[in-house]
Amino acid sequence: MPEASPGKWHLGHVSWFFETMILARRMDYVPVAPELNAVFNSYYEALGARVERGDRGLMTRPSLAAVMAYREEIDRRMEVRLTEGLEEGLERYLFDLGLNHEQQHQELFVMDMLNLMSRSPLEPAAYDVEPRTSAVQARRDGWVGFESGLTEIGAQERSFAFDNERPAHKVWLEPFSLAADLTRNADWIAFMEDGGYRRPELWLSDGWARVKAEDWTAPLYWREEEGGWSVMTLAGRRPVDPSAPVRHVSFYEADAFARWSGRRLPTEAEWEHAARSDPEAFANLTSEVWQWTASAYAPYPGFIPTEGTAAEYNGKFMANQMVLRGGAFATPEGHARVSYRNFYYPHQRWMFAGVRLAADGAQAADGDAHDAFRREMIEGLSHRPRSLSPKWFYDAEGSRLFEEITRLPEYYPTRQEAALLRRVAPEWAKRFGPAAVLVELGSGASEKTRIVLEAASNLAAYVPIDISSTALTAAAERIRADYPGLKVLPVVGDFEHLRPPPDEAGGGRRIGFFPGSTIGNLTPEAAAALLRSAREVLGEGGLFILGVDLVKSPEVLVAAYDDAQGVTAAFNRNLLVRANRELGMDFAPEAFEHVAVWNAGRSRIEMHLRASRSMTVHLDKLAFHLGQGETIHTESSRKFDEAAVKVLAEAAGWSLAAFEISEAPSVALALLVA
Ligand SMILES: C[S@@+](CC[C@H](N)C(=O)[O-])C[C@H]1O[C@@H](n2cnc3c(N)ncnc32)[C@H](O)[C@@H]1O
């Protein structure tokens, strides 16, 4: 591909940049190797002749050893210059520019190497595991809304920024929402399967011309195989991970996808305003892929290109390109900024570029939950083994069935935990102090809450958080009626995305309450992340009462999840009933058998739905084929011991102040202190 350069070229070019921009500023400077100027000059017209970009790969000389020797000599000369001291102002800026330029080429090096390797029939892996400069972030659902108003964008800070990020200036924004997370491969597959690459009405005219001319049917590096899609990565060709953010899509594709989704791409001003004002509300802002914006790459009002040769760095490209914001997994640490303007031509795809959708106005919370359910259903059914999060059990009927489960003879956890709570709550409540705030995660019917409320009569506020709005609203009403002096502030939401309690809760000590061993439904990583974010949200002095079920004989455990009356089976199948109603799917719930098994290796009970015959289920135009006997994993319920709870709590910044065990069948309550 003409845009991709060999690694050796990048190595030489970044040193050449220091030589021409800084060292050669002295009139008496003698170049290290004048003949290399034309090889390593990228696009600077003022700096003489150069090899065309597409021909760089044809240069077999200089050898790697000669390039490294050139680099070493430039490094040596730069060290001397730095020891002498740089002039403040332009020279100092050019030095910082040189460092930032080198960081840009570190990412380009990896992009170009991936492209090169994708062209080889051997599809070599450059690494065993793709290298990254920051950790993978937990995914996040929903939208973040912003009011209209005047905002300021552009580099406001005095620290380094490219000339194209300045000057900071005012922009008026209309109300908009920005997706909390990036578009995922599963969403992209849905777009493809809905004819995304075959429907001209979704595309800009130039984009559609590309689709036809280059025969696009999927993102760059994707290939359809027997078992699904695969993608070329830095670790070789791998199956497409439905839950990973989509990458290697052009602006044209991003724009068509947004149109198909009934949404749009954000402007760069919207992106920057959102990232400045509420960065915590988003996932993967700068750590996965650069995000296409709907903004053309143009000068900001009052833009002045850097004086001298570096004037050609950015300004001359301000036509026919689009801006990308954020940063990628391969962007060097500390390189990206909230005002950073990356830019590429709208058809280019070899960059680590993806999508974060935007929409006009506010996106309804119900819409969020519906979108998340749909997305997770597609992801869950596309993955092997197939799985769904247990949080989708709890529509109104699911919450009702759960309450019925708590009264079953086999289901010991609720009874045992309530009895234990009655025993420990009076003692633990003495630690709460005046005007404390009780924040309950997954509060359901708020029945156990009453035991805490009786023990702690001086609580100021109760903040129940639950994903099931029907269960939450009804429970909050009952608690309000029975405890008139208590502020009841229900929050419909996902406890995996905890937010600080509302201001009306006041400033008393915050007490987290997470009973029912619901923590056992989360993966160990998600459980640790939840406890960490609870530690942060509840703050210094916070307490956390955590209920866990304990390891015990598999017979007792399995019976608790597979009762004789079949209530748990109905609860499990209700997930399919809900999917049919809310997503228009066509599951035949009666064709699925409820299965509960003890997985000793992972210390967890697993619930599955097993297809009793082969079948095809549909979600819109997507079809999922399930073979006879294939299962959908719907819930894991991890069982703990004291040591496991201690490790989990301490890793999240809590210490274990007490661990009390009920009578058999045993459950435990842990008191964690911040
Ligand atoms: C096992 S029940 C426990 C209910 C109650 N806390 C108890 O101990 O009996 C789980 C509760 O958590 C809620 N829930 C499950 N996943 C959730 C999530 N991700 N965010 C918020 N609530 C969730 C369900 O709606 C349900 O009310």
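With just 10 C-beta neighbours inside 10 Å, Asn320 counts as exposed. The model is a predicted one, and Asn320 makes a handy way into its backbone oddities. Asn320 has a positive phi of about 70° although it is not a glycine, and its place is in the loop that runs between β8 (290–296) and β9 (322–326). His248 is another non-glycine residue with a positive phi, this one of about 65°. It sits in the loop between β7 (236–239) and α7 (251–260). Here the surroundings are crowded enough to pass the cut-off of 20 neighbours: His248 has 25 C-beta neighbours inside 10 Å and therefore counts as buried.

Two cis peptide bonds also turn up. Going from Arg61 to Pro62, the bond is cis, with omega near 5°, and Pro62 belongs to the loop between α2 (37–40) and α3 (64–84). The bond from Arg166 to Pro167 is cis as well, with omega near -10°; Pro167 lies in the loop linking β2 (149–153) and β3 (169–173). These spots catch the eye because most residues other than glycine have a negative phi, and most peptide bonds are trans.

The two strands flanking the Asn320 loop, β8 and β9, are part of an open sheet of four strands, ordered β10-β9-β8-β11 with mixed pairing. At its edges stand β10 (342–344) and β11 (353–354); each has a single partner strand, so one side of each is left without a neighbour in the sheet. The β8 and β11 strands run parallel and are joined by two bridges, with Gln291 standing opposite Gly354 of β11.

Further along the chain, β21 (residues 604–611) has partners in β20 and β24. Strand β20 (residues 592–599) pairs with β21 in the antiparallel sense over eight bridges, and Val595 stands opposite His608 there. Four residues lie between the strands in the hairpin of β20 and β21, where Ser603 takes a positive phi near 50°. Pairing with β24 (residues 631–638) is antiparallel too, this time through seven bridges, and His633 is the β24 bridge partner of His608. His608 thus has a partner in each of these strands: Val595 and His633. As for its setting, β21 has six buried residues out of eight, so the strand is largely enclosed by the rest of the structure.

Among the helices, α4 (residues 90–119) gets a simple geometry check. At 1.5 Å a residue, its 30 residues should span 44 Å, and the end C-alpha atoms are 42 Å apart, which agrees. Several residues of α4 are buried, including Leu94, Leu97, Gly98, His105, Glu107 and Asp112. The cover over the buried residues of α4 includes α1 (7–21) and β6 (228–233).

That leaves the ligand. It is surrounded by 21 residues, the closest being Lys391, Tyr394, Gly442, Gly444 and Gly516. The elements that supply two or more residues to this shell are α10 (396–406) and β15 (461–466), and α10 gives the most, with three residues. Sorted by class, the shell holds seven nonpolar, nine polar and five charged residues.

Note on methods. Residues are numbered from 1 along each chain as its sequence is written. This is a predicted model: local features need pLDDT of at least 70, side-chain atom pairs count only at pLDDT 80 or more; totals for chains, interfaces and linings use all residues. A residue is near a molecule or strand if its C-beta atom, placed from the backbone, lies within 6 Å of it. Ala, Val, Leu, Ile, Met, Phe, Trp, Tyr, Cys and Pro count as nonpolar, Asp, Glu, Lys and Arg as charged, and the others, Gly among them, as polar. A residue is buried if 20 or more other C-beta atoms lie within 10 Å of its own, exposed if 12 or fewer, and partly exposed in between; C-beta atoms are placed from the backbone. The expected span of a helix is 1.5 Å times one less than its number of residues. Two residues are in contact if their C-beta atoms, placed from the backbone, lie within 7 Å. Two strands pair if DSSP finds at least two bridges between them.
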